[in-house]
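Me: Please show me the sequence and the model, and then let us work through some questions about the fold.

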Amino acid sequence: MATVTGETLSLDALEAGNQYVNCELTYSNQDIRVEEVTFEKCRFQQTDFKNSEWLDCQFQGCQFLNCQFQESYLYRCQFDGCQLLGSDFTAARLKDVTISETRADYANFAEAVLTGCDFSETRLNEASFQMVTVKRRLSFNRCELVRADFSESQLKLVDLRTSDIDALVFTPGLVRGCKIDALQAVTFAAALGLDIED
């Protein structure tokens, strides 16, 4: 595995197994297919990653502000300390993806298929998870999900127990099986129009 530091190169020039540190990555002239690459504090000039494929990639301290990942495939990828604010993953497929210590406010995962995905210590305020398909598990560990939107999404495989879910939007008929703690139950009950009295 080679480490490439401080260079400017095209996404087309990436080599599997390499680690890229503080690199400037320019536009791709072909379909984006990246496998077994580690990106550390890299800057991506391209913002349109629609229909791209990322396999076994790690992103550390990278920025993807308002980027387009619609209908993309991300398998066994990790985002750590990244910026995903406003990024659009509509109808994407994420499998065994971990997103930790990342800013992802306003990110859009609507209609995505999420299989075995974990969010940890990540800000997802006003993020959209509308009409997502959850397979195996979707866990949120110490995340912020203020005003996040899960409407029309089945929540039976979703774990919210350690996260802040203030003003969460959801479809009442689809919450069965969602894992929440006692305090969150009050929030859910209030959203369902129940009066809780001592």
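**Core, cysteines, a loop residue and a sheet**

Me: How many disulfides does a search of the whole structure find?
Reply: This is a predicted model, in which local features need pLDDT of at least 70 and side-chain atom pairs count only at pLDDT 80 or more, while totals for chains, interfaces and linings use all residues. Residues are numbered from 1 along each chain as its sequence is written, and side-chain values use heavy atoms, with hydrogens and water left out. With a disulfide taken as a pair of cysteine sulfur atoms within 2.5 Å, the number found in the whole structure is zero.

Me: Why is Cys23 not bonded to Cys42, and how far away is the closest cysteine sulfur?
Reply: Cys23 is buried (under 20% relative accessible area, where exposed is over 50% and partly exposed is in between, with a 1.4 Å probe and protein chains only), its own value being 0%. Cys77 is likewise in no disulfide, the nearest cysteine sulfur being that of Cys57 at 4.8 Å. For Cys23, the closest cysteine sulfur is in Cys42 and is too far for a bond, at 4.9 Å.

Me: Which residues have the most contacts inside the largest nonpolar core?
Reply: Such a core is a set of buried Ala, Val, Leu, Ile, Met, Phe, Trp, Tyr and Cys residues joined through side-chain atoms within 4.5 Å, and the largest one has 58 residues. Those with the most contacts inside this core are Phe39, Trp54, Phe129 and Phe140.

Me: Which residue makes a polar contact with the side chain of Glu144 through its own side chain?
Reply: Glu144 lies in the loop between E15 and strand E16 (149-150), strands being DSSP runs of at least two residues, and helices (H or I) runs of at least four, numbered from the N terminus. Leaving out residues up to four places away in sequence, Glu144 touches Thr122, Arg123, Leu124, Asn125 and Asp164, where contact means heavy atoms within 4.5 Å. A polar contact is a pair of N or O atoms within 3.5 Å, and within protein one must be able to donate a hydrogen and the other to accept it, with residues adjacent in sequence counting only if both atoms are side-chain atoms. At 3.1 Å, the partner is Asn125.

Me: Which strands stand at the edges of the open sheet of E2, E4 and E7?
Reply: The three strands have the order E2-E4-E7 with parallel pairing, two strands being paired if DSSP finds at least two bridges between them. Each edge strand has a single partner, so one side of each is left without a neighbour in the sheet, and these strands are E2 (8-10) and E7 (43-44).
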